[in-house]
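Q: I should like a close look at a single part of this protein, followed by a connected account of its surroundings.

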Amino acid sequence: MRPLLRAVAAGWPLLAAALHAQTAPPPADALPTYTPFTLPSHALGEDRVVNVHLPEGYAAEGGRRFPVLYMPDGGLDEDFPHVVNTVDSLVALGRIRPVIVVGVPNTERRRDLTGPTRLASDSAIAPRVGGSAAFRAFFGKELIPAIDGRYRTTGERAIVGESLAGLFIVETLLREPALFTHYVALDPSLWWNAGALVDSAASALARLPRGPRTLELSSSSVDEIATATARLAALLDRVSGRRLRARYTPRPDLTHATIFRGEGPSALARALR
């Protein structure tokens with residue numbers, strides 16, 4: 001793991017201002033091949049659409065099983081197209097193995113991807129917040145069994161996401177680490193609830209079961225995110241190599257709006273090689 005405590009230059013914009021300023025639309029991505037289906041969710045009390053992209057040759061290789069990459073923010077107008085296209089490019093280059101990609105489009109993003117908070121300013125961002133435990137139950141009890149039942153999967157699972165989805169991924173590693181094998185959290189919103197998740201991380205990391213588990217963690221130039229992520233990375237140093245293989249990659253050259261495309265391919269290549 002690289003040195004974890006990198007100084008963050010003073011004077012960078014505050015989180016709200018940075019996120020407001022970084023609204024330039026990303027480049028358009030070609031729509032990949034995919035199959036949608038609707039999954040009724042008892043955990044969430046609603047039906048959820050699921051988008052599935054199968055690797056090239058899936059149908060022809062009838063006996064082969066594949067790892068699965070899951071992603072929140074998995075709508076066709078969200079991150080699903082560029083993640084699938086990135087994955088396919090990495091496979092074609094021989095940098096990762098073929099994987100099934102499963103995207104979950106949002107219904108109430110800020111409800112599903114955030115944990116409880118004691119701060120009124122957090123609660124004000126959406127009509128409902130704090131539903132991450134239910135969303136995690138949807139993954140563990142409903143979505144993953146449905147994918148395993150429909151497709152030829154292995155027991156190896158990865159999850160990738162940025163911003164609030166990155167927060168959800170870090171929280172999942174700490175709360176239910178056996179749910180995934182590989183965790184990729186880009187610019188996670190660890191400022192949520194005044195950084196309480198990072199405050200509680202040391203005890204959770206000490207209880208991680210041993211196993212072939214990895215975490216790819218990165219941060220952008222946003223001060224609040226970079227500072228909290230570096231704090232978490234320092235704690236990861238104490239368990240990295242024993243309970244998981246963790247790597248922290250500070251990217252102050254990237255913004256919150258560009259980190260998924262700027263760092264995502266490298267992080268996915270390391271996680272799924």
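Which helices each supply at least two residues of the lining of the second largest pocket? Please describe that pocket and the packing of the helices around it, and then turn to other contacts in the chain.

A: The model is a predicted one. In it, the helices that each supply at least two residues of the lining of the second largest pocket are H5 (132–150), H6 (164–175) and H7 (192–199). Among the contributors to this lining, H7 gives the most, with four residues.

The second largest pocket has a volume of about 200 Å³. Its lining is made up of 15 residues, and those that lie nearest the centre are Gly115, Pro116, Glu171, Arg175 and Leu197. In chemical character, the lining divides into seven nonpolar, five polar and three charged residues.

Two of the helices that supply the lining, H5 and H6, also pack against each other, at an angle of about 75° and with their axes 11 Å apart. Because angles of 65 to 115 degrees count as roughly perpendicular, H5 is roughly perpendicular to H6. On the H5 side, the residues that take part are Ser132, Phe135, Arg136 and Phe139, and they meet Phe168, Glu171, Thr172 and Arg175 of H6. The residues of this contact comprise three nonpolar, two polar and three charged. Glu171 and Arg175 thus appear in the contact of H6 with H5 and also among the residues that lie nearest the centre of the pocket.

A further helix pair is formed by H2 (residues 80–92) and H10 (residues 259–272), which pack at an angle of about 45° with their axes 10 Å apart. That angle makes H2 oblique to H10. The crossing of these two helices is right-handed. From H2, the residues His82, Val83, Thr86, Val87 and Leu90 meet Phe260, Arg261, Pro265, Leu268 and Ala269 from H10. Here the residues of the contact divide into seven nonpolar, two polar and one charged.

Finally, Glu46 offers a view of a contact made by a strand residue, since Glu46 lies in strand S2 (residues 46–53). When neighbours within four places in sequence are left aside, Glu46 is in contact with Leu39, Pro40, Ser41, Thr107 and Arg111. One of these partners, Thr107, is 61 residues apart from Glu46 in sequence, while the two are 9.4 Å apart in space, C-alpha to C-alpha.

Definitions and conventions
Residues numbered from 1 in each chain as written. Predicted model: local features only at pLDDT ≥ 70, side-chain atom pairs only at ≥ 80, totals over all residues. Heavy atoms only, no water. Axes fitted to C-alpha atoms, helices over the stretch in contact; angles between N-to-C directions. Parallel < 35°, antiparallel > 145°, perpendicular 65-115°, else oblique. Left-handed = near helix turned anticlockwise from the far one by under 90°. Contact = heavy atoms within 4.5 Å. Nonpolar A, V, L, I, M, F, W, Y, C, P; charged D, E, K, R; others polar. 1 Å grid on protein atoms, 1.4 Å probe; cavity = no way out; pocket = protein on both sides within 12 Å on 5 of 7 lines; lining within 4 Å. Points joined across faces, edges and corners; volume = space filled by probe spheres on them.
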